[in-house]
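Here are a few exercises to work through with the coordinates open in your viewer. Try each task before you read its solution.

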Amino acid sequence: SGIWPATLCLAFQIACAVTLIVYGWCRDGVPHTALQGEYVRENKTAPGAGLTDPLSEPEKEDVDVTEESAYSFLPYIDQHSMFNDVHNFLLNGGTIGIFPEGGTHDGTQLLPLKWGVSEMLLGTMAKHEGPEPCKISVVPVGLNYFAPHKFRSTVSVDFGDPIQVDQTLVDLYKNGGKEEKQEANLVVMRQVVAGMQACTLQAENIKTLQLFRTLRRLYLPFGVRLSVTDNVALTQGFAFAYGKVKHDQRVAVFMDKVSQYSQQLAQCRVRDFQVQRFKDKAFSPSAQRRLILATAFRLTTLLAVSLFLLPWWLSFAPSGLVGRIGSDVQARKVRKFSVIGTWKVMIAAVVVPFFHVLYTACLTLSFGQLAGVIWFFSFPLGAMLAVFATEDGIRVMRSLNALLLLLRDKAMGQRLYRERGELRRELYALEEEQRWLKLDEATREYVRA
């Protein structure tokens, strides 16, 4: 009878774990992908505006209001004081980091950039007094996310070439009227836009972006591993080149083949790097026995890891349920899938410590003060190890998809392997002829070695 607090706590954890699984299944309904969530899937296209002229006006819609309606207005905010502080800070050698898009979005292109960066730059240089002109550089920084909504997901931070503003633009801004100031701002913003485009990965839509990444994987031979930065740079190379050659009929046919290949991978639930290992020797009788042993070993490993992680999964179930529901609610409010990861972190910062104290109290009431103290100090370390072990378990589980495919349908595995080889040879031929990638011969030979 003395262990009822721990018993109730365990029942609560199990109920939250089951609810979390059911909620995730009902919410998604389709296989989850890294860049495309339920909000994007419902609309069939990625929300978010494309890159437009910084001077372009937003589209206006005429509305005939025939009835009294509530409305609100934004009061005028005098920003002269703020810009004056920024100018003084930059003149004293300071560095300022800003996000010129002014918000987050789920699109695959940049939003129209705000003019604040050009006002800061030109205003500071115009305010400078001295025999030598003031030199301030704008360094574009591109954040390329692979799965922004996932915990511990990969991100590439790419730095572009510094942008230097010509002194004639500063003089035009300093001595000109309103139109001259706008002209100087527009020139600077176009330079900033070009710099941002050079260090960010952009595409017309999510499907095209996924095709660019498939091209990068096809281009790299088996065994060659690049850093995250080099992977992004290679994908950018295909994205930039595609805009020049996409009207070529051969390129259009080839991209359709790549799209069909990607769809087959999704249907079979395997990855491209796994298909690279589907060599002919993998389908011999001896190889079949090795596949069976490898599958049994990985299933055993997955079971052992699951048993080890079960207490930690149950402990995190209430926090995970609150975080998932809370982040989904906030994402639906703004219709942006990209805010899910941020809200998960903010919710976890409050919910995880609360449940940790609650579990400690339940163990103390049920098994004594010593058990409560041990749990209180061991939980953070165990939670960290559980995160790493869970990631390893997910990798093992994903590898099982390829093994099971070879065991149940080796003809499909052979077809995927041959199709990938044909696509790779065709990609090499097209790239060699049209020079999609701006690579020197040494780099080209290294990548394709």
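## Exercise 1: a salt-bridge network

Asp248 is partly exposed, with a relative accessible area of 24%. Keep in mind that you're working with a predicted model.

**Task.** Find which residues are linked with Asp248 in a network of salt bridges.

**Solution.**

Step 1. Start from the Asp248 side chain: it meets the side chain of Arg250 in a salt bridge, at 3.5 Å from N to O. The cut-off to apply here is 4 Å between a side-chain nitrogen of Lys or Arg and a carboxyl oxygen of Asp or Glu.

Step 2. Check how open Arg250 is: its relative accessibility is 41%, so it counts as partly exposed.

Step 3. Now look for another partner of Arg250. Its side chain also meets that of Glu433 in a salt bridge, this time at 3.0 Å, N to O. Arg250 sits in helix α9 (residues 249–268) and Glu433 in helix α14 (residues 410–434), so this pair ties together parts that lie 183 residues apart in sequence. Glu433 counts as exposed, because its relative accessibility is 52%.

Step 4. Put the pieces together: Asp248, Arg250 and Glu433 make up the linked network.

## Exercise 2: another tie between helices

**Task.** Work out which parts of the chain the salt bridge between Glu426 and Lys257 ties together.

**Solution.**

Step 1. Get the distance: the side chains of Glu426 and Lys257 meet at 3.5 Å, N to O.

Step 2. Place the residues. Glu426 belongs to helix α14 and Lys257 to helix α9, so the bridge joins parts 169 residues apart in sequence.

Step 3. Add the accessibilities. Glu426 comes out at 26% and Lys257 at 36%, so Glu426 counts as partly exposed, and Lys257 counts as partly exposed too.

Step 4. For the tally, a search of the whole structure turns up four salt bridges.

## Exercise 3: two faces of a strand pair

**Task.** Sort the side chains of β2 (141–145) and β3 (155–159) by face: which are buried and which are not?

**Solution.**

Step 1. Check the pairing. β2 and β3 run antiparallel to each other over five bridges. Among the bridge partners, Asn144 goes with Ser156 in β3, and Gly142 goes with Asp158.

Step 2. Recall the general rule: in a regular strand, side chains alternate between the two faces of the sheet.

Step 3. Apply that to β2. Gly142 and Asn144 point to one face and are buried, while Val141, Leu143 and Tyr145 point to the other and are not.

Step 4. Do likewise for β3. Here Ser156 and Asp158 are on the buried face, whereas Val155, Val157 and Phe159 point the other way and are not buried.

Step 5. See where the unburied side chains end up. Val141, Leu143, Tyr145, Val155, Val157 and Phe159 are among the members of a nonpolar patch on the surface. Phe99 and Val139 also belong to this patch, and the members together have about 760 Å² of accessible area. Phe99 comes from the loop between α3 (80–91) and α4 (116–127), and it counts as exposed because its relative accessible area is 70%.

## Exercise 4: into the core

**Task.** Find which helix gives the largest share of the largest nonpolar core.

**Solution.**

Step 1. Look at the best-connected members. The core has 40 residues, and those touching the most other members are Leu215, Phe238, Phe254, Val270, Leu416, Leu427 and Trp436.

Step 2. List the contributors: α7 (206–219), α8 (228–245), α9, α11 (285–334), α13 (369–408) and α14 each supply at least two residues.

Step 3. Pick the winner: α9 gives the largest share, seven residues.

## Exercise 5: cysteines

**Task.** Find how many disulfides a search of the whole structure gives.

**Solution.**

Step 1. Use 2.5 Å between cysteine sulfur atoms as the cut-off.

Step 2. Run the search over the whole structure: the count is zero.

Step 3. Look at two of the cysteines anyway. Cys134 is buried at 14% relative accessibility, and Cys268 is buried at 12%.

Technical notes: Residues numbered from 1 in each chain as written. Predicted model: local features only at pLDDT ≥ 70, side-chain atom pairs only at ≥ 80, totals over all residues. Heavy atoms only, no water. Patch = residues over 30% accessible without salt bridge, like charges linked within 9 Å, V, L, I, M, F, W, Y side chains within 5 Å. Areas by Shrake-Rupley, 256 points an atom, 1.4 Å probe, with all protein chains shown as cover. Helix = DSSP H or I, 4+ residues; strand = E, 2+ residues; numbered from the N terminus. Buried < 20%, exposed > 50% of the residue type's maximum accessible area, 1.4 Å probe, protein only. Pairing = 2+ DSSP bridges. Core = buried A, V, L, I, M, F, W, Y, C linked by side-chain atoms within 4.5 Å.
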